Amino acid sequence: MNLLVLGLSHKTAPVEVRERMAVPEEGLAEALSSLVAQPGIAEAMILSTCNRVEFAVRAEPETDAGAVIRSLFPLDPAERHLYQHAQRDAIRHLFRVASSLDSMVVGESQILGQVKDACAAARAAGTLGGPLDEILNRALSVAKRVRTETGIGQMAVSVSYVAVELARKIFGSLDGHTVLILGSGKMSELAARHLRRSGAPAVFVANRTWERAVEMAARFEGRPVPFEQLFEFLAHVDIVISSTGAPGFLITRERVQSLMAARKNRPMFLIDIAVPRDIDPGVNKIDNVFLYDIDDLEQVADANRRQREREAERAEAIVEAEVDRAMARLKAQDVTPTIASLQAELERVRRAEIERLRGRLGDLTPEQEQAIETLTRGIVNKIAHTPITQLKTLASHPDGLHFIDVIRRVFNLKENP
Amino acid sequence: MVCMGETSVFWLRVTLTLYSLGLGHALLTVIRRRQRLFPVALASFAIAAVFHLVSIVEEGMTLGRFPVVNLHQSSSLIGLLITVLFLIVYWRYKYESLAVFVFPIVFVLTLIASLGHPVQPWASPALRSSWLFLHVVLALLGYAALFLTCVAAVMYLIQERELKSKKPRAFYYRLPPLGTLDEMSYRTMAAGFALITLGLITGSFWAFIEWGTRWVVDPKIILAFVTWGIYLAMIFTRWTIGWRGRKAAYFAIAGSCCAALTWMVDRGVHSFVP
């Protein structure tokens with residue numbers, strides 16, 4: 001087994017280099033086919049996204065896969081940005097990439113889809129189907145395991161998603177909880193979009209200028225409402241995103257206090273992203289009312305980022321354990337054919353030697369024939385004994401794969417008997 | 001102990017049966033959160049009020065004076081007064097939600113009143129023991145539900161503090177959303193309330209048949225009625241003004257403590273059980 005991952009990512013190369021090295025989707029099948037057309041390359045997969053370009057190949061033991069890839073693709077200008085992982089490190093790298101541990105935003109879910117697509121493309125081009133295919137499939141299930149067993153992808157790290165996450169933490173499901181946007185602004189629009197997509201049934205837009213409310217509402221299937229009726233609406237909507245240019249507090253503590261009676265104490269989530277602020281901070285002291293300003297949202301995003309890092313540590317442990325399991329499986333697959341071909345090779349040598357010398361020995365009694373047979377077999381078995389036991393025990397050793405390779409080279413065994 | 005005419009007892013039992021429809025309506029309302037049975041319950045309640053009045057008047061005539069000499073008679077009178085008051089308030093303001101509070105209260109008061117009269121002893125020992133078994137099972141299921149209410153209330157308080165503080169710590173990530181916890185505490189409370197109401201009724205009947213009127217001063221019974229009152233008040237405030245949140249959670253925990261105390265007094269059995 002000779003695995004190799006060669007590539008560059010957002011960690012090693014700036015975007016100008018990445019975009020030059022990218023393999024366009026329409027050229028993918030051809031690139032894959034040309035790779036496996038090279039002597040010694042058995043399987044290949046190419047992952048090309050805006051954050052990384054990676055070649056994963058399985059080659060014959062003697063093949064320098066890195067050189068083959070470099071000969072086919074113009075990687076020279078990016079040489080100092082390239083990383084190269086072999087064997088165990090290659091497997092770990094593939095697992096980490098699929099699990100989004102190597103992503104720019106650790107835990108983002110897009111990469112899993114991209115890996116899936118890359119595998120599908122390689123399978124369609126007929127360049128997968130052996131051990132590499134198995135490892136890539138394993139990488140996808142490791143990614144799923146990481147996702148379900150750790151909270152790595154759960155915490156929002158951008159402010160507008162934090163707003164959605166908090167709404168979920170307050171209301172449970174967003175189903176049946178309407179949103180009101182006060183004023184305008186890129187961020188409130190973004191947050192409203194996320195809330196809408198997460199299940200909020202309706203978004204209302206209020207603006208001092210009626211035309212602007214209409215215009216903004218049109219952009220995301222919202223409903224403009226007259227600014228004068230603001231407080232009537234506040235009695236009914238559950239989530240408010242405020243970003244007006246008002247100089248003072250638009251929503252005071254007394255106002256919200258009286259609203260809560262009309263709301264029958266249904267909880268309310270107020271997001272104030274205006275500077276200067278629109279909502280009196282004292283509002284947060286009212287029972288069942290939760291007020292977050294822009295700094296509070298940032299603070300939650302920070303805490304989430306730290307939480308993600310903690311979860312990432314647990315994810316790394318899972319990946320490490322999975323790499324061990326994958327290696328063990330690969331070695332077990334490798335050891336048996338190696339032993340078989342080693343025995344076959346020694347038997348071939350023994351027979352050839354008897355064949356060659358048989359004529360010189362003249363007539364022999366069956367007992368003598370038997371003695372030669374026993375003698376030669378004994379020698380061969382004695383010689384083979386140590387390598388075979390070593391193969392069996394070293395299979396579980398971290399350097400086992402390397403050792404199997406050495407045995408294959410020493411005895412000049414073919415890749416697959 | 002003949003303190004009432006035979007017919008007044010009969011009318012009181014008719015009244016109690018009609019009031020039980022009101023109780024059923026109240027329990028279904030808090031559990032299912034729909035009020036479809038309300039017209040039926042209201043009608044039976046109004047008719048019951050007439051029988052109730054007849055029963056009290058007859059008893060007064062038999063006694064030859066105003067019938068408020070003992071606990072049973074006074075709770076009967078208070079029950080009737082609350083019923084009349086409710087019917088007037090409803091007629092004026094159509095304040096339906098009040099029924100959730102009034103129906104159970106009136107039923108329990110009338111139940112206490114009707115337990116002032118001697119009844120036949122158990123028809124068979126099997127009925128007696130299965131009745132007791134029913135009481136115990138209902139009460140324990142009720143306590144279990146109220147225990148869940150308490151757990152949900154504690155988690156609510158922690159999660160609420162996390163959200164108000166705006167500095168998410170471990171609990172913020174681990175605990176369910178506030179809305180879910182609130183829903184859970186309301187549902188378990190409604191179910192627990194229905195169960196302990198039924199447990200209270202079956203228990204009262206049993207104690208009455210077994211022990212006459214001695215049971216009324218049993219500390220466990222008094223605590224049980226207090227607990228029941230606390231939960232009734234919580235469910236009523238939740239139902240009408242949507243009282244929820246931090247303070248409601250504190251009350252739910254207090255109610256659970258009261259329920260636990262009720263359960264623990266005399267190590268689970270009543271003082272009059274030998």
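**Exercises on a predicted two-chain model**

Strand β5(A) and strand β6 (residues 203-206) of chain A run parallel and are joined by four bridges. Strands here are DSSP E runs of at least two residues and helices are H or I runs of at least four, numbered from the N terminus. The model is predicted: local features need pLDDT of at least 70, side-chain atom pairs count only at pLDDT 80 or more, and totals for chains, interfaces and linings use all residues. Residues are numbered from 1 along each chain as its sequence is written, and chains are lettered from A in the order in which they are written.

**Exercise 1. Determine which residues stand opposite each other around β5(A), and whether β5(A) is buried or exposed.**

Step 1. Two strands count as paired if DSSP finds at least two bridges between them. In β6(A), the bridge partner of Leu180(A) is Phe204(A).

Step 2. Strand β8 (residues 239-243) of chain A also runs parallel to β5(A), with five bridges. There Ile181(A) stands opposite Ile241(A).

Step 3. β5 (residues 179-183) of chain A is mostly covered, five of its five residues being buried; a residue is buried if 20 or more other C-beta atoms, placed from the backbone, lie within 10 Å of its own, exposed if 12 or fewer, and partly exposed in between.

**Exercise 2. Place Ile241(A) in its nonpolar surroundings.**

Step 1. Contact requires C-beta atoms, placed from the backbone, within 7 Å. Leaving aside neighbours within four places in sequence, the contacts of Ile241(A) include Val179(A), Ile181(A), Ala191(A) and Ile273(A).

Step 2. Ile241(A) is among the residues with the most contacts inside the largest nonpolar core, which has 117 residues. Such a core is a set of buried Ala, Val, Leu, Ile, Met, Phe, Trp, Tyr and Cys residues joined through C-beta atoms within 7 Å.

Step 3. Helix α7 (residues 178-211) of chain B supplies the largest share of this core, 13 residues.

**Exercise 3. Describe the open sheet of chain A.**

Step 1. Its four strands have the order β2-β3-β1-β4, with antiparallel pairing.

Step 2. The edge strands, each pairing on one side only, are β2 (41-48) and β4 (83-86) of chain A.

Step 3. β1 (residues 2-9) and β3 (residues 52-59) of chain A pair over eight bridges, and Ser9(A) has Arg52(A) as its bridge partner.

**Exercise 4. State how many residues each chain gives to the contact.**

Step 1. Chain B gives 18 residues and chain A gives 20.

Step 2. On the side of chain B that touches chain A, α7(B) gives the most, with four residues.

Note on methods
Contact = placed C-beta atoms within 7 Å.
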